[in-house]
Amino acid sequence: MAEFKGFPEGKQHLAALPAAFFEQLLPAIDHLGELKLTAYFLWRLERMEGLFRYLRSVDFLQDQAFMAGLAPTLQQAQSVLEDALERAVSRGTLLKIALETSTGPEQLYFLNSPKGRAAIHAIQSGQWRPELQSAPAAALEARPNIFQLYEQNIGPLTPLIADALGEAEDSYPAEWIEAAVRIAVEKNKRNWRYVSAILERWQREGRHGKKEKSQDRRDSAEDRRRYVTGEFSDFVEH
């Protein structure tokens, strides 16, 4: 058994889990692989960006630490992963949809939530097709989400600030937000108004004289928001 050395000192990146995980799933899950997969899925989803968030089998396989925790060998771990995914889908924790791509069929897994169900509906109705890209697990682990970034560098969240952060997340690249927060900290201007002013200026003028990329990002954000308007407009959680 690998020994846990304990949590390090200082601020830690926190992972928020839905209350339903503890109240309904944890008492019901009787398979260790399914339990690990479910907790991992929720953790990964929280660190992703975009209105519709999903994972593929390859996203699990790329995380060597996670796979090593499932079984002693990669072949065994792959078998455990496949079984755990099917269990989570059968239980109703995850939703699965198959897409045909240039490299063959892809299985996409969404959380069974209002937004996850909206994503499945959008795919099936032809309103949205995912860009089948995935970030390495190490990169996802290293980058805090925008709410953690704010709490760790600016101050405690309020409902108004949380709304503003959510709008910023849809409007600007993540690296812009991180850079703007870093500038605010360096200049000792730890407030969202200052960060927001930086982002708005970059959007108008371009961060490094690249105004066209800023506009492209804004257009892309507006396109994504289009998929959760109308009947999907109330789905503000994953």
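## Helix H2, mostly under cover

Let's start with the residues of H2 that are buried: Gly-33, Glu-34, Leu-37, Thr-38, Tyr-40, Phe-41, Leu-42, Trp-43, Arg-44, Leu-45 and Glu-46. That makes eleven of the helix's 15 residues, so H2 counts as mostly covered. Keep in mind that this is a predicted model.

The helix runs over residues 32–46, and its length checks out. At 1.5 Å a residue, 15 residues should span 21 Å, and the C-alpha atoms at the two ends sit 22 Å apart, which agrees.

## The chain as a whole

Stepping back, the protein chain has 238 residues, and 38% of them count as buried. Its secondary structure comes to twelve helices and three strands.

If you take the contacts between residues at least 6 apart in sequence, 59% of them link residues at least 24 apart. The chain's accessible surface is about 14,300 Å², and carbon and sulfur atoms account for 51% of that.

## Two nonpolar cores

In soluble globular proteins, nonpolar side chains tend to be buried together. Here, the largest nonpolar core holds 24 residues, and the members touching the most others are Leu-37, Phe-41, Phe-60, Phe-66, Leu-81, Leu-85 and Leu-94. At least two residues of this core come from each of H1, H2, helix H4 (64–68), helix H5 (74–91) and strand E3 (104–111). H2 gives the most, with six residues.

Which residues does Leu-94 touch, leaving aside those up to four places away in sequence? They are Leu-37, Phe-41, Leu-85, Ala-88, Val-89, Tyr-109, Phe-110, Leu-111 and Asn-112. Apart from the largest core lies another one, made of 19 residues, including Ile-154, Ile-161, Trp-176 and Leu-199.

## Helix H10 and what follows

Trp-176 also turns up among the buried residues of H10, together with Ala-174, Ile-177, Ala-179, Ala-180, Val-181 and Ala-184. This helix covers residues 174–186, which is 13 residues, and reaches 18 Å from its first C-alpha to its last, close to the 18 Å expected at 1.5 Å a residue. Just after H10 comes Asn-188, which has a positive phi of about 60 degrees.

## A nonpolar patch on the surface

Back towards the start of the chain, Leu-17, Phe-22 and Leu-26 make a nonpolar surface patch of about 240 Å². Phe-22 belongs to helix H1, residues 19–28.

Why does Phe-22 count as partly exposed? Its relative accessible area is 46%, and partly exposed covers what falls between the 20% limit for buried and the 50% limit for exposed.

Terms used
Residues are numbered from 1 along each chain as its sequence is written. This is a predicted model: local features need pLDDT of at least 70, side-chain atom pairs count only at pLDDT 80 or more; totals for chains, interfaces and linings use all residues. Side-chain values use heavy atoms; hydrogens and water are left out. Helices (H or I, at least four residues) and strands (E, at least two) are DSSP runs, numbered from the N terminus. Buried means under 20% relative accessible area, exposed over 50%, partly exposed in between (1.4 Å probe, protein chains only). Contact means heavy atoms within 4.5 Å. Accessible areas come from the Shrake-Rupley method with a 1.4 Å probe; for residues, only the protein chains shown count as cover. The expected span of a helix is 1.5 Å times one less than its number of residues. Patches are made of residues with over 30% relative accessible area and no salt bridge: like charges are joined within 9 Å, nonpolar side chains (Val, Leu, Ile, Met, Phe, Trp, Tyr) within 5 Å. A salt bridge is a side-chain nitrogen of Lys or Arg within 4 Å of a carboxyl oxygen of Asp or Glu. A nonpolar core is a set of buried Ala, Val, Leu, Ile, Met, Phe, Trp, Tyr and Cys residues joined through side-chain atoms within 4.5 Å.
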